[in-house]
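Please open the model in your viewer and follow the stops below, selecting each region in turn.

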Amino acid sequence: MGQNIFKGLGIALVTPFNEDGSVDYQSLRSLVEYQIENGADFLCILATTGEAPCLTSEEKDKITEVIKQVDNGRIPILKYCGGNNTAAVVEEIKNSDWSGIDGILSICPYYNKPSQEGLYQHFKAIAEVSPLPIVMYNVPGRTGVNMKPETTVRLAKDFSNIIAIKEASGSLEQVDEIIKNKPDTFDVISGDDALTFSMVASGAVGVISVIGNAVPKPFSKMIRLEFKGEYEPARRIHHMFTELYSLLFVEGNPAGVKALLNDMGLIKNELRLPLVPTTITTKQKMHDILKALPF
């Protein structure tokens, strides 16, 4: 399947809701347009930040259609399809309509804590049926299991349609290990906004970003500067966001970034249970930081 097209700034897109809890398709449309106009290189849809666990399959289908319509082929779309029941994920991949989608993001099975061999067999089963390139997603803080670099590299070498990993282990040492041993056709993508600067400097090809929902322009500029080897100005942008990175996640994701987007007048500050909006204090702190930023 060859090259990975998911490079630069990827947006882990939020799902806007109305006050009555329904999906706010109007805000979704303008949010997608806002991303594309402000430097997003690809969209990552219906994953954790999109509150996918709390959406019905009808809603997911309609959200996908709306995003495809607005995007209209301008930037690639990476769509989430994963779970902790391998057979169910395989079935979903086989039975879904993947037209207009460019790749599948699939998470390490969560909660049931498979061994490294179990993780390998899970992704092998997915790779064997997938009609699209696969980006694996390693996020031990959410799944309870860490896919080790040797397992990642083994999968990358054995399956040409496994093209990248969204690495959110929080370990730069682990990232380094993967980058050192991976085949040339396989890439590492940051899954952690706060580590993106360092990961790109180490050889990662971009990020699937939460903060990018709100500030795509400067965040994509940081990555582009790094690609050109201009680390000083890139580091300055990174440092502007240091405080925001932690505030965004202090009360869970996407509560932080939804509060920020609400502050910018882009969406309503609504989430679906079990998630709730961030506290007034956190929202105010983020508001003050955003106001002080020079863009």
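How many helices and strands does the protein chain have? With the whole chain selected, there are 13 helices and eight strands, where helices (H or I, at least four residues) and strands (E, at least two) are DSSP runs numbered from the N terminus. This is a predicted model, in which local features need pLDDT of at least 70 and side-chain atom pairs count only at pLDDT 80 or more, while totals for chains, interfaces and linings use all residues. Residues are numbered from 1 along each chain as its sequence is written, and side-chain values use heavy atoms, with hydrogens and water left out.

Colour the chain by burial next: 55% of the 295 residues count as buried, meaning under 20% relative accessible area with a 1.4 Å probe and protein chains only.

Now select Leu 46, Ala 52, Pro 53, Lys 60 and Tyr 80, which lie nearest the centre of the largest pocket among its 30 lining residues. A pocket is, on a 1 Å grid over the protein atoms alone, an open set of points where a 1.4 Å probe fits, with protein on both sides within 12 Å along at least five of seven lines, and lining residues have an atom within 4 Å of a point. Adding helix H2 (57-71), strand S3 (77-80) and helix H5 (140-143) shows the elements that give two or more residues to this lining, and H2 supplies the largest share, six residues.

Finally, move to the second largest pocket, lined by 20 residues, where Tyr 137, Val 139, Arg 142, Gly 191 and Phe 249 are the closest to the centre.

Methods: Buried means under 20% relative accessible area, exposed over 50%, partly exposed in between (1.4 Å probe, protein chains only).
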